[in-house]
Amino acid sequence: VLQINKDDVTALQCKVVCLIQNGNFKEALAVINTHTKVLTSDVIAFEKAYCEYRLNRIESALKTIQSASQQTDKLKELYGQVLYRLERYDDCLAAYRDLIRNSQDEYEEERKTNLSAVVAAQSTWEKVVPEDLGLREATYELCYNSACALIGQGKLNEAMKKLQKAEELCRQSLSEDSDVTEEDIEAELAIIHGQMAYIMQLQGRTEDALQLYNQIIKLKPTDVGLLAVIANNIITINKDQNVFDSKKKVKLTNAEGVEHKLSKKQLQAIEFNKALLAMYTNQADQCRKLSASLQSQSPEHLLPVLIQAAQLCREKQHAKAIGLLQDFADQHPANAAEIKLTMAQLKIAQGSVTKACMILRSIEELQHKPGMVSALVTMYSHEEDIDSAIEVFTQAIQWYQQYQARTNHGFCVFQPKSPVHLSLIREAANFKLKHGRKKEAISDLEELWKQNPKDVHTLAQLISAYSLVDPEKAKVLSKHLPSSDTMSLKVDVDALENSHGATYVRKKAAKLTGDNQQKEQGQGEVKKKKKKKKGKLPKNYDPKVTPDPERWLPMRERSYYRGRKKGKKKDQVGKGTQGSTTTGSSELDASRTASSPPTSPRPGSGAAVSATSNVIPPRHQKPAGAPATKKKQQQKKKKGAKGGW
């Protein structure tokens, strides 16, 4: 037909539709663009927009739809899809609501599924609380989208139940078709299982999540978007461990067409994790390149700058990292608080606690927060800068006093002090008392007591503080304390006395009381002296012989110690030439003669003992039969050794 008439509108339309059915979207779009005079936007607007949509030219598709003179139902359907891909969820929601309201055909269930997908996306990416659409969750797609919306709200347990229901409905609907195999069912369930694993990961069940993620990867699903998300989540579980596995998983995130399957935030998260992985694998240049690219795409985002600073810290360039963070804080004051907290952490890591305190105090929106006050006071106390710590308390208390007044129709209405304000005053008073600032602590406690005169605890603290400064004032204030009769304590005395701690205290007290009674009874009596036991003496002790005064010293330290004898044959070996013997060597040894005196006198001895005396001192005496026993033991050991080996 086209050979006869190349501008035949019906033939050209048929050709475009055939090319679309075959998936040749580029060729179909080329035909439309070459015959623009004949195929005007009124005639073929839907086909042109659809080809552009399938070729991921989303902006062009939107322009084509909007330029059409007549908005048909087909164009409205496509318009909803285009808006979803552009992440314009509010406009997309309105478009689908209009479609559901004004159309009645067999595609109503699909439109409701798309509507629930938009609500789920709003809840997940924009943190919008979804409204109840009143959709009956009769299909597994609707259940799945409802579960995604619940995940966005943080209702993880409810979301898991919805996913389990979606899995059950999916199995039921697919098992009815005889042509569908078990592998096809598992492939269809992959996205549901992936979301289940994500919930497990959020709940801290990382082992279960990792196992389920790996099962999905083994199935080799055709959805590149699903594979990229699962690979990214596995990388986040691995962190700086199992880096080799993370490197393999990164390849799945680089698959062709992933950028068209995922949202902008998902793609951004994947890029962040790539930069972190490059840092953990010591690929400094790659890390800088990725983080710089991310920063150019999102100049106000914190993570690229934090990654760059972390990389500089790994390279021991802390000063450069702090400078980078300071520049970002100056350029983006809205994010300055989080950046300054990071800077303070780096200063603390360097040991510059005082500089870290200065950075923290420069964060105006956090100065009055109890956590910030606590951190600053702790750090100043560590540096022994008590004045600065008290100043932090004072500034925080003044902030709460300043914002205590509220304007109501032009009048200043003073409201009662908040619990945070009162707790800060109390903590300040305790801190001042601890560090000897009694007068300042007393003024704080008096202010607390004025706020609540019935507070006995504050009154007791005030009396305790005054007792150190002005005892008379403490006595006057003590009159305000309630009497013991008015104090009703609901305490089970029997249960308290029978408790483990009370039993121990009671036993200890009873023991002390018994000791005191014994002391009182024995006050008038003369203390009986304990008889000392006589020391045991050796069996062969001779009272006539003076004991060796060096008997308590080790043998090596005694004055008469000559060293060990090296063997029995010492006496038989001479010191002459080789082979010669000295038979009279023992006779020539003067130390063996009976008349030889000790080489040096024993210190402290009253009188010299005769050298000819054969009496052995008690310390040197050995029990009879000792050498023989030793020999027997040696023989037994030898026998045992032979038998054992």
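Q: Before we look around, what counts as a salt bridge?
A: A salt bridge is a side-chain nitrogen of Lys or Arg within 4 Å of a carboxyl oxygen of Asp or Glu. Keep in mind that what you're looking at is a predicted model.

Q: Okay, so how many salt bridges does the structure hold?
A: There are 17 of them. Let's take a few one by one.

Q: Which residue does D387 meet in a salt bridge?
A: Its partner is R437, with N and O 2.8 Å apart. D387 sits in helix α21 (residues 386-402), while R437 belongs to the loop between α22 (419-434) and α23 (438-451), so this pair ties together parts that are 50 residues apart in sequence.

Q: Which other residue forms a salt bridge with R437?
A: That's E440, where the closest N and O atoms are 3.9 Å apart. To judge how open such residues are, remember that buried means under 20% relative accessible area, exposed means over 50%, and partly exposed is in between. R437, at 26%, is therefore partly exposed, and E440, at 34%, is partly exposed too.

Q: How does a bunch of salt bridges become one network?
A: By sharing partners: that is how E167, R171, E182 and E186 are joined.

Q: Where do R288 and D285 lie?
A: Both are in helix α15 (residues 284-297), 3 residues apart, which is about one turn of the helix. They form a salt bridge too, and here the closest N and O atoms are 3.1 Å apart. R288 is partly exposed, at 36% relative accessible area, whereas D285 reaches 62% and counts as exposed.

Q: What about charges that have no salt bridge; how do I read a patch of them?
A: Patches take residues with over 30% relative accessible area and no salt bridge, and like charges are joined within 9 Å. Here E106, E109, E110, E141 and E188 form a negative surface patch.

Q: Is E106, one of that group, buried or exposed?
A: E106 is exposed, because its relative accessible area of 61% is over the 50% cut-off. You'll find E106 in the loop between α6 (89-102) and α7 (108-125).

Q: Last one: which feature does UniProt place at residues 190-223?
A: The record, an unreviewed entry, gives "repeat: TPR" for that stretch. In the model, residues 190-223 are 76% helix and 0% strand. The C-alpha atoms at the two ends of this stretch are 10 Å apart.

Definitions and conventions. Residues are numbered from 1 along each chain as its sequence is written. This is a predicted model: local features need pLDDT of at least 70, side-chain atom pairs count only at pLDDT 80 or more; totals for chains, interfaces and linings use all residues. Side-chain values use heavy atoms; hydrogens and water are left out. Patches are made of residues with over 30% relative accessible area and no salt bridge: like charges are joined within 9 Å, nonpolar side chains (Val, Leu, Ile, Met, Phe, Trp, Tyr) within 5 Å. Accessible areas come from the Shrake-Rupley method with a 1.4 Å probe; for residues, only the protein chains shown count as cover. Lys and Arg count as positive and Asp and Glu as negative; His and the chain ends are not counted. The place of a charge is taken as NZ of Lys, CZ of Arg, CG of Asp or CD of Glu. Helices (H or I, at least four residues) and strands (E, at least two) are DSSP runs, numbered from the N terminus. Buried means under 20% relative accessible area, exposed over 50%, partly exposed in between (1.4 Å probe, protein chains only). UniProt positions are given in the numbering used here, feature names are shortened, and annotations may be inferred rather than shown by experiment.
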